[in-house]
Amino acid sequence: MRFVIFGAGAVGSTVGAHFARAGTDILLIGDPPHIEKIHTDGLKMSGKYGEFVTTPPACSSLDTWKFQPNDVVFLCVKTYDTPVAIEQLHTKIPPETPIFCLQNTMTNEELVSEHFSNVYGAALHLGSRFVFPGEVSHLGGNSLVIGRYPEGIDKTAEQAVAALQAASMGGALTDEIVACKWAKFCINLMNAPAAILDVSGAEAFNDQDARLFFGEMLAEAQNVLAKAEIKLKTLPGDQPLPALVTALQRTHFTPKQLPDRSTHVFPSMWQDVFCRRGRTEARYLNGRVNDMGQQLGLDTPLNALLTQVVDRMAERRELPGSYTLSDLRRML
């Protein structure tokens, strides 16, 4: 089995670096500046899990990918790039090729399964950051829960998890990947306010006003998912959504002393806004909660507002921290 990592950005390059260090058969496909730097100086990894340099096979064009019958694809692009990625893959590889969606949101597996017959979901806890071309930082989180989409476990999933474990990454199997991904979806709803306010998860959870705001936003999602009768399967290390909402909405909280900010893990949406990429996944996260709420007759004003603000920030190339909690309350 060869792992072809399509979309070698922060997450894809992090997985690829660990695979390469373990001697796993891989191929990275990414943007030209990143791939060119890997060719000349290798792929540099820094952060919580050590510093090392690897030299994985890498290319910047599907034209130079010589497909092998044992290839499986780790799809690591952002959701807004998934339609184009599927179109490119559809012209390159057979429809029975296994595709693993190492992505957030609940949209990707739905789209991929329209063109490919062997689709797998992955719920990730992988705090990675793209530093420079040829360099990524792995600051926290080191686990992937994998299962066949929409349900089940098979030999291919087992082999993928075994390869992750052999590369010193946390890999686990589930026969309920959709329920796992919905649970992770809820955690990712916090990406939007983190990007707007310029806070890490640790900083948000350490501030009373931010905690209450995050709790209100998640309570909206909890009501929507409950009415939609969507099952959640909490990932290892996470709190169940009801417990998390209750904890955040407590009125009595004692702040803790936090480590240096450079060690904090910022969500990928924060990175999209900080790097002024012009797009975010907010409409697939908070926007989806709002859409579902409208269909079910439930109001979700916070999730609607967060989607609008993040999209406007991305369009205007505004940086994280351009708005405060008071600003958001006033807009609401």
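How far is the sulfur of C101 from the closest cysteine sulfur, and in which residue does that closest sulfur sit? Select C101 and C76 and draw the distance: the gap is 9.4 Å, too far for a bond. Keep in mind as you click around that this is a predicted model.

**Stop 1: the cysteines**

While C101 is still highlighted, switch on a surface. C101 has a relative accessibility of 0%, so it counts as buried. Searching the structure for disulfides turns up 0. Now pick C275, which is in no disulfide either: the nearest cysteine sulfur belongs to C76 and is 17 Å away. C275 is partly exposed, at 40% relative accessible area.

**Stop 2: helix 1**

Next, select residues 10–21, which make up helix 1. Put a distance between the C-alpha atoms at the two ends and you get 17 Å; at 1.5 Å a residue, the 12 residues should span 16 Å, so the two values agree. Is this helix enclosed or open to the outside? Of its 12 residues, 9 are buried, so helix 1 is largely enclosed by the rest of the structure. To see which ones, colour A10, G12, S13, T14, V15, G16, A17, H18 and F19, the buried set in helix 1. Then step just past the end of the helix to G23, where phi is positive, at about 80 degrees.

Before leaving this part, show the side chain of R21 together with F52. The charged end of R21 sits over the F52 ring, 3.9 Å from its centre.

**Stop 3: rings**

Display the aromatic side chains. There are 9 aromatic pairs in the whole structure. Zoom in on F100 and Y120: their ring centres are 4.4 Å apart and their planes make an angle of 15 degrees, so this pair is stacked. The pair joins distant parts of the chain, since F100 belongs to strand 7 (residues 99–101) and Y120 to strand 8 (residues 119–132), 20 residues apart. Both partners are worth checking against the surface. F100 is buried, with 0% relative accessible area, and Y120 is buried too, at 1%.

Now jump to W270 and F274, another stacked pair, with 4.8 Å from centre to centre and 5 degrees between the planes. What separates these two along helix 11? They are 4 residues apart, which is about one helical turn. An α-helix has 3.6 residues a turn, so residues three or four places apart point the same way. The two rings differ in accessibility: W270 is buried at 9%, whereas F274 is partly exposed at 45%.

For a wider view, select F3, F19, F74, F100 and Y120 together; ring pairs link them into a cluster. F19 in this cluster is also one of the buried residues of helix 1. One more ring to look at is F253, where R211 lies over the face at 4.1 Å from the ring centre.

**Stop 4: the nonpolar cores**

In soluble globular proteins, nonpolar side chains tend to be buried together. Here the largest nonpolar core has 43 residues, and F185, L189, I196, L218 and L328 are the ones with the most contacts inside it. Several helices each supply at least two residues to this core, among them helix 6, helix 7 (191–197), helix 12 (286–296) and helix 14 (325–331). The biggest share comes from helix 9, which gives 9 residues.

Centre on F185 and show its neighbourhood. Beyond residues within four places in sequence, F185 is in contact with T105, M106, Y284, L285, R288 and V289. A second, separate core has 33 residues, including M45, V72, F74 and A157.

**Stop 5: two asparagines**

Go to N188, in helix 6 (residues 177–188). Its relative accessibility is 5%, so N188 counts as buried. Setting aside residues up to four places away in sequence, N188 touches N104 and L285. L285 is also among the contacts of F185.

The last selection is N290, in helix 12. N290 is buried, with a relative accessible area of 16%. Which residues does N290 touch, not counting those up to four places away in sequence? Show T300 and A304, and you have them. Finish with P301: it is 11 residues from N290 along the chain, and the two C-alpha atoms are separated by 7.7 Å.

Methods:
Residues numbered from 1 in each chain as written. Predicted model: local features only at pLDDT ≥ 70, side-chain atom pairs only at ≥ 80, totals over all residues. Heavy atoms only, no water. Expected span 1.5 Å × (residues − 1). Buried < 20%, exposed > 50% of the residue type's maximum accessible area, 1.4 Å probe, protein only. Contact = heavy atoms within 4.5 Å. Disulfide = S-S within 2.5 Å. Core = buried A, V, L, I, M, F, W, Y, C linked by side-chain atoms within 4.5 Å. Phe/Tyr/Trp six-rings, centres within 6.5 Å; stacked < 30°, edge-to-face > 60°. Lys NZ or Arg CZ within 6 Å of the ring centre and 35° of its normal.
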